[in-house]
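Thanks for coming. I will go through one structure, contact by contact, and give the cut-offs as the terms come up.

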Amino acid sequence: MVTTGEQIFGSVHGSIGVLLGNGDGSFQTATSFDAGGSQTNAVVAADLNHDGKPDIIVANYGSGTIGVLLNNAGVAQTATALTSSLNPSVSGQSVTFTAQVTSSSCTPTGTVNFYDGATLLGSATLASGSASFSTSLLTAGSHSITATYQGSSSFASSTSAALIQVVNSGPASTSTSLTSSGNPCLKPCGVTFTAIVTSAAGTPTGTVSFSDDEPRFLGTATLSGGVASIAPGGFHHGTWQITATYNGSSDFAPSTSPVLDQVVYELPVPTQTSVSTSGSPSFIGQPVTFSAGVSPTRGSVPDGETLNFYDGHAPIGSVPMSNQRASLTTSSLAMGKQSILVTYNGDGLYESSHGMVVQVVVKYSTTTTLVSSVNPSVSGQPVTMTVTVTSSGPTPTGEVMLKGFGTLTLVGGTASATKSNFTVGSHPLTAKYKGDDLSAASTSEVLVQVVDP
């Protein structure tokens, strides 16, 4: 019975129509809802969840089912998402399903039911919008898992999309990899071998056996977090083929690593260090890059070992190697011939070595020009001489010697002087630039100043 001015009627098509009252004895257009079955032939309204709002119970004659429609008017809509901790899993292995319930208003509260198809697996209470349920009872095969949030007085119920959980009937497949802490190594070789066992079905447990190609059993180690290590020692020089075999467990199948070739040297390996420059000669203050590399007669020097760069005996810097090479750039080289030395200190397995390159550092060349303001001039007429010094590098500074004018100081690469007491005749003049810390000296071509009577 409905007491709120609503009229409810059944439908043989498996739906329910709700007509909201207008308050004057008339009704609004019907809104249809799925009744959860076919040939609906009976309906009852009651407050099933005690939230003060009428809910609907229907009998579906055609399908022989009962449909319950909870009234969610005035409650916030929700969405439920479902994830698995392990997919695929193995029969008998524990799997945790986690439902995350969200809403645009605030964080939903209440309970979530977890289903395997139509079978209820269990329930869990939401905490910060999340609820989890674990089971180890899933049989081999594919399972359609859903999570249904039951709703509350403030939040509407919702059901997740189906998650297909694959459960394998036997132990899950695994993969084993093997590494060495030092390869190559120097006799006596105290390396540690580490096996990592992985599986798509989780983290394997159990033991790993290590052996070489002599054949010789090296030892067994227990996995921790999928990792097991041993340090067997006792290798004489040569190449040893090492394998690691995961022995399996009730949940995980055995597997064997690819062969690892462990190289053992009897004596330290000689090396050769070479050095090259990005360009010589270079100008003073110009960046120059020195590239160096270490070449052992066998094996490879590990990344991260350093090369030391020197300008004569003065250190320039130390750079870690990558692929047995390192580079250093400097712009602090003094003028002249500089001997750049690069040393490799060795590491016990590889011997030390050094290399050298000569870097020639020069000043920037300059060009000096001399120009007269008037040529020819007449006796007693003022004549201004302008000296300009140019360079491919920084603007030259310093002093210029100009015959008959004395010493002139450059400003922005230019200097000028005026003279009005030239005697009648021809006067050959040159300007000599003295140079500065970066710019080389230069002399202008001869300028003949002609003075008429």
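**Salt bridges, a disulfide, sheets and a patch**

Lysine 434 is partly exposed, with a relative accessible area of 47%. On the scale I use, buried means under 20% relative accessible area, exposed means over 50%, and partly exposed is in between, with a 1.4 Å probe and protein chains only.

Before going on, the conditions. This is a predicted model, in which local features need pLDDT of at least 70 and side-chain atom pairs count only at pLDDT 80 or more, while totals for chains, interfaces and linings use all residues. Residues are numbered from 1 along each chain as its sequence is written, and side-chain values use heavy atoms, with hydrogens and water left out.

Back to lysine 434. Which side chain does lysine 434 meet in a salt bridge? The partner is glutamate 399, at 3.2 Å from N to O. A salt bridge here is a side-chain nitrogen of Lys or Arg within 4 Å of a carboxyl oxygen of Asp or Glu. Glutamate 399 sits in strand 36 (residues 399-402), and lysine 434 in the loop between strand 40 (431-433) and strand 41 (442-443), so the pair ties together parts that are 35 residues apart in sequence. Strands, like helices, are DSSP runs numbered from the N terminus: E, at least two residues, for strands, and H or I, at least four, for helices. Glutamate 399 is also partly exposed, at 34%.

How many salt bridges does a search of the whole structure find? It finds two. Besides the pair just described, the side chains of arginine 216 and aspartate 212 meet at 2.8 Å, again N to O. Arginine 216 is partly exposed, with a relative accessible area of 24%, whereas aspartate 212 counts as buried at 5%.

Next, the cysteines. The structure holds one disulfide, where a disulfide is taken as a pair of cysteine sulfur atoms within 2.5 Å. The disulfide joins cysteine 185 to cysteine 189, with an S to S distance of 1.4 Å. The link is left-handed, with -115 degrees about the S-S bond. Are its two ends buried or exposed? Cysteine 185 is buried at 7% relative accessible area, and cysteine 189 is buried at 2%. Cysteine 106, by contrast, counts as partly exposed at 46%.

Both cysteines of the link turn up again in the surroundings of valine 264. Valine 264 belongs to strand 24 (residues 260-265) and counts as buried, at 3% relative accessibility. Leaving aside neighbours within four places in sequence, the residues in contact with valine 264 include Cys185, Cys189, Phe235 and Trp240; contact means heavy atoms within 4.5 Å. Valine 264 and asparagine 183 are 81 residues apart in sequence and 7.7 Å apart in space, C-alpha to C-alpha.

Glycine 206 can be described in the way used for valine 264. Glycine 206 is in the loop between strand 18 (193-198) and strand 19 (207-212), and is partly exposed at 25%. Outside its neighbours within four places in sequence, glycine 206 is in contact with Ala221, Thr222, Leu223 and Tyr246. From glycine 206 to alanine 140 the separation is 66 residues in sequence and 23 Å in space, C-alpha to C-alpha.

Now the sheets. Strands of a sheet pair through backbone hydrogen bonds, either parallel or antiparallel. I count two strands as paired if DSSP finds at least two bridges between them. One open sheet of three strands has the order 34-42-39, with mixed pairing. Its edge strands are strand 34 (377-378) and strand 39 (425-429), each of which pairs on one side only. Strand 34 pairs with strand 42 (residues 447-452) in the parallel sense over two bridges, and valine 378 stands opposite aspartate 452 in strand 42.

Elsewhere, strand 27 (residues 288-296) pairs with strand 25 (residues 271-277) in the antiparallel sense over seven bridges. Threonine 273 stands opposite valine 294 in strand 27. Strand 27 also pairs with strand 30 (residues 325-330), antiparallel over six bridges, with serine 327 in strand 30 as the bridge partner of serine 291.

Last, the surface. Leu48, Ile66, Val68 and Leu70 form a nonpolar patch with about 360 Å² of accessible area together. Patches are made of residues with over 30% relative accessible area and no salt bridge, with like charges joined within 9 Å and nonpolar side chains (Val, Leu, Ile, Met, Phe, Trp, Tyr) within 5 Å. The areas come from the Shrake-Rupley method with a 1.4 Å probe, and for residues only the protein chains shown count as cover. Isoleucine 66, in strand 6 (residues 65-69), counts as exposed at 58% relative accessibility.
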